[in-house]
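Please load the model in your viewer and keep the selection panel at hand. The tour begins with the whole chain and then moves from one selection to the next.

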Amino acid sequence: MLYQHIPTQSSVNEGAGDRIRMLMKLRNSGINNVEVLSAMESVPRELFVEDAFLEHAYDDTALPIPSGQTISQPTVVGWMTWALDLEPRMRVLEIGTGSGYQTSILSKLSRRVYTIERHRDLLAMAEERFAHLKLTNIVTKRGDGSKGWRDVAPFDRIMVTAAASEIPAELLEQLSPGGIMVVPVGNNVADQILLRVEKSQSGDISTQHLMNVRFVPLVQD
Ligand code: SAH
């Protein structure tokens with residue numbers, strides 16, 4: 001008799017439960033934007049964490065990645081992404097590629113993401129993940145992101161995923177009129193705030209305090 005392999009329901013759903021739990025947690029934290037939720041549903045977070053932390057891939061916590069850095073907590077990724085108010089035609093600059101998790105979510109919601117990371121090894125791993133996931137609208141660069149990316153500026157949106165001591169002036173310059181930047185600010189880990197910075201059409205800057213956060217420092221070379 002010919003044996004036909006039919007996947008059982010449990011093998012199909014393996015791992016899906018954790019992802020659903022993460023989505024429920026995002027909703028419970030107040031994120032109700034359908035685009036942000038479906039982008040986060042479509043990016044497999046387990047690809048971005050170290051093997052040792054695989055079983056915690058969908059927990060709502062930051063986790064260690066190489067070079068002493070961290071992959072951000074899912075609810076913080078959700079809030080920061082929502083705060084950027086992305087539209088599909090937009091060009092986004094991200095500072096601090098890290099694992100590439102946040103980059104991948106931005107790539108689902110915008111036309112092109114330019115991302116800068118200072119650690120070469122982290123960037124190489126993130127690039128492999130982008131290729132594996134066939135995310136072809138991400139452009140990467142190694143360097144000090146606090147200086148922005150002058151050749152391809154201005155940007156409709158800027159997201160900084162490391163804490164700066166103040167809003168980096170060069171990033172503010174490279175933000176388009178009508179643009180939005182989300183940036184954690186603070187010198188002390190226990191005392192960081194997430195800011196949403198808006199530049200009006202006439203160039204006026206307004207800032208809004210979103211929440212308290214804990215990010216690794218933005219290191220300026
Ligand atoms: N968004 C990442 C979080 C990474 S943590 C994720 O989802 O995984 C912040 C990252 O910012 C680290 O990888 C760190 O190396 C990087 N970083 C810190 N200062 C930087 C700078 N000046 N320029 C570019 N990257 C920087």
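With the whole chain selected, begin with its radius of gyration, which is 18 Å in this predicted model; a compact globule of 221 residues would have a value near 17 Å, so the two agree. Orient the view along the principal axes, and the C-alpha atoms fill a box of roughly 75 × 35 × 35 Å. Switch to a cartoon representation, where the secondary structure comes to 7 helices and 9 strands. Of the contacts with a separation of 6 or more, 52% are made by residues 24 or more positions apart.

If you then draw the surface, the chain exposes about 11,500 Å², of which carbon and sulfur atoms supply 50%, while buried residues make up 45% of the 221 residues. Colouring by charge brings up 22 positive and 27 negative side chains, and the centres of these two sets lie 4 Å apart.

Next, select strand S4, residues 112-117. Is this strand enclosed or open to the outside? Of its 6 residues, 5 are buried, and S4 is therefore largely enclosed by the rest of the structure. Add strand S3, residues 91-95, to the selection: S3 and S4 run parallel and are joined by 5 bridges. One place to centre the view is Arg 91, whose bridge partner in S4 is Arg 112.

From S3, step back to the loop that lies between helix H4 (74-84) and this strand, and select Asp 85 there. Its backbone deserves a check of the torsion angles, since most residues other than glycine have a negative phi. Asp 85 is not a glycine, yet its phi is positive, at about 55°. With a relative accessibility of 45%, Asp 85 counts as partly exposed, because that class covers values from 20% to 50%.

A second residue to examine in this way is Lys 134, found in the loop between helix H6 (120-132) and S5. Lys 134, which is not a glycine either, has a positive phi of about 55°. Its relative accessible area is 68%, so Lys 134 is exposed.

Now move to the loop between strand S5 (138-142) and strand S6 (155-160), and select Arg 150. Which residues does Arg 150 contact once its neighbours within four places in sequence are left aside? They are Glu 170, Glu 173 and Gln 174. Even with these contacts, Arg 150 has a relative accessibility of 51% and counts as exposed, because the cut-off for that class is over 50%. A distance monitor drawn from Arg 150 to Arg 111, 39 residues away along the chain, will read 19 Å between the C-alpha atoms.

Stay in the loop between S5 and S6 and select Pro 154. The peptide bond that joins Ala 153 and Pro 154 is cis, with omega at about 0°; for context, most peptide bonds are trans.

The last stop is Asp 191, in the loop between strand S7 (175-185) and strand S8 (192-199). Asp 191 is exposed, its relative accessible area being 55%. Apart from neighbours within four places in sequence, Asp 191 is in contact with Val 185 and Gly 186. To finish, draw a distance from Asp 191 to Ala 162: the two are 29 residues apart in sequence and, C-alpha to C-alpha, 14 Å apart in space.

Methods:
Residues numbered from 1 in each chain as written. Predicted model: local features only at pLDDT ≥ 70, side-chain atom pairs only at ≥ 80, totals over all residues. Heavy atoms only, no water. Helix = DSSP H or I, 4+ residues; strand = E, 2+ residues; numbered from the N terminus. Rg over C-alpha atoms; globule rule 2.2 N^0.38 Å. Buried < 20%, exposed > 50% of the residue type's maximum accessible area, 1.4 Å probe, protein only. Contact = heavy atoms within 4.5 Å. Areas by Shrake-Rupley, 256 points an atom, 1.4 Å probe, with all protein chains shown as cover. Lys, Arg positive; Asp, Glu negative; His and termini not counted. Charge placed at Lys NZ, Arg CZ, Asp CG, Glu CD. Pairing = 2+ DSSP bridges.
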